[in-house]
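Please open the model in your viewer and keep the sequence beside it. The tour below goes from the whole chain to single side chains, one selection at a time.

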Amino acid sequence: MVHKILFWSGFGVAVRLWQLGIEMRPFFVKEGLWAYPVFAGFGASFGYWLTGVERRQMQVLADRRDRLLEKRKRRAEREAAEAGGIGNKAEEGGILASTS
């Protein structure tokens, strides 16, 4: 989690450098140094929010996977039980039909 927040903090600083480069202004002016921590802070808060989104999405996917596996297991058990009962009846029906 920390590495993602640090990445987005660095991305915020890179955005500030890019902005100053586009404007062709000097990067390190004493009056403009306050903006770097602000951009880093916005980037860090975005990274923190994005980490929470990812965690929630992974939880939803894990829950769906578990429900799907449980559903498949129940269906396989149900089909196995039906196949055992139907197979015998079908064979009996086939024997009765061939002897009549």
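Begin with the whole chain, which is a predicted model, and colour it by burial: buried residues make up 16% of the 100 residues in the chain. If you then display the accessible surface, you are looking at about 8,300 Å², of which 66% belongs to carbon and sulfur atoms.

Switch to a cartoon view next, where the chain shows 2 helices and 0 strands. Helix 1 covers residues 2–22 and helix 2 covers residues 35–99. Among the contacts between residues at least 6 apart in sequence, 57% join residues at least 24 apart, and several of the next stops let you look at side chains that link distant parts of the chain in this way.

**The aromatic rings**

Select Phe7, Trp8, Phe11, Phe46 and Trp49, which ring pairs link into a cluster. The chain has 6 aromatic pairs in total. Look at Phe7 and Trp8, whose ring centres are 5.2 Å apart and whose planes stand at 80°; an angle over 60 degrees counts as edge-to-face, so this pair is given that name.

Keep Trp8 selected and add Phe46, because these two rings also form an edge-to-face pair, with their centres 4.9 Å apart and their planes at 80°. Which helices does this pair link? Trp8 is in helix 1 and Phe46 is in helix 2, and the two residues are 38 residues apart. Before moving on, notice that Phe46 has a relative accessible area of 36%, and is therefore partly exposed.

**The salt bridges**

Now hide the rings and turn to the charged side chains, which form 4 salt bridges in this model. Select Glu54 and Lys4, whose side chains meet in a salt bridge with a distance of 2.1 Å from N to O. This pair too links distant parts of the chain, since Glu54 belongs to helix 2 and Lys4 to helix 1, 50 residues apart. Are these two side chains buried, exposed or partly exposed? Glu54 counts as partly exposed at 35% relative accessibility, and Lys4 is partly exposed as well, with a relative accessible area of 27%.

Go on to Arg25 and Glu23, where another salt bridge brings the side chains to 2.6 Å, N to O. Arg25 is partly exposed at 42% relative accessibility, while Glu23 is partly exposed with a relative accessible area of 40%.

For one more salt bridge, select Arg75 and Glu79, whose closest N and O atoms are 3.8 Å apart. Because these residues are 4 residues apart in helix 2, about one helical turn separates them. Arg75 is partly exposed, with a relative accessible area of 46%, and Glu79 is partly exposed too, at 44%.

**The nonpolar patch**

For the last stop, bring back the surface and select Leu17, Phe27, Phe28 and Leu33, which make a nonpolar surface patch of about 390 Å². Centre the view on Phe28, which lies in the loop between helix 1 and helix 2. Is Phe28 buried or exposed? Its relative accessible area is 65%, and since the cut-off for an exposed residue is over 50%, Phe28 counts as exposed.

Conventions: Residues numbered from 1 in each chain as written. Predicted model: local features only at pLDDT ≥ 70, side-chain atom pairs only at ≥ 80, totals over all residues. Heavy atoms only, no water. Phe/Tyr/Trp six-rings, centres within 6.5 Å; stacked < 30°, edge-to-face > 60°. Buried < 20%, exposed > 50% of the residue type's maximum accessible area, 1.4 Å probe, protein only. Contact = heavy atoms within 4.5 Å. Areas by Shrake-Rupley, 256 points an atom, 1.4 Å probe, with all protein chains shown as cover. Patch = residues over 30% accessible without salt bridge, like charges linked within 9 Å, V, L, I, M, F, W, Y side chains within 5 Å.
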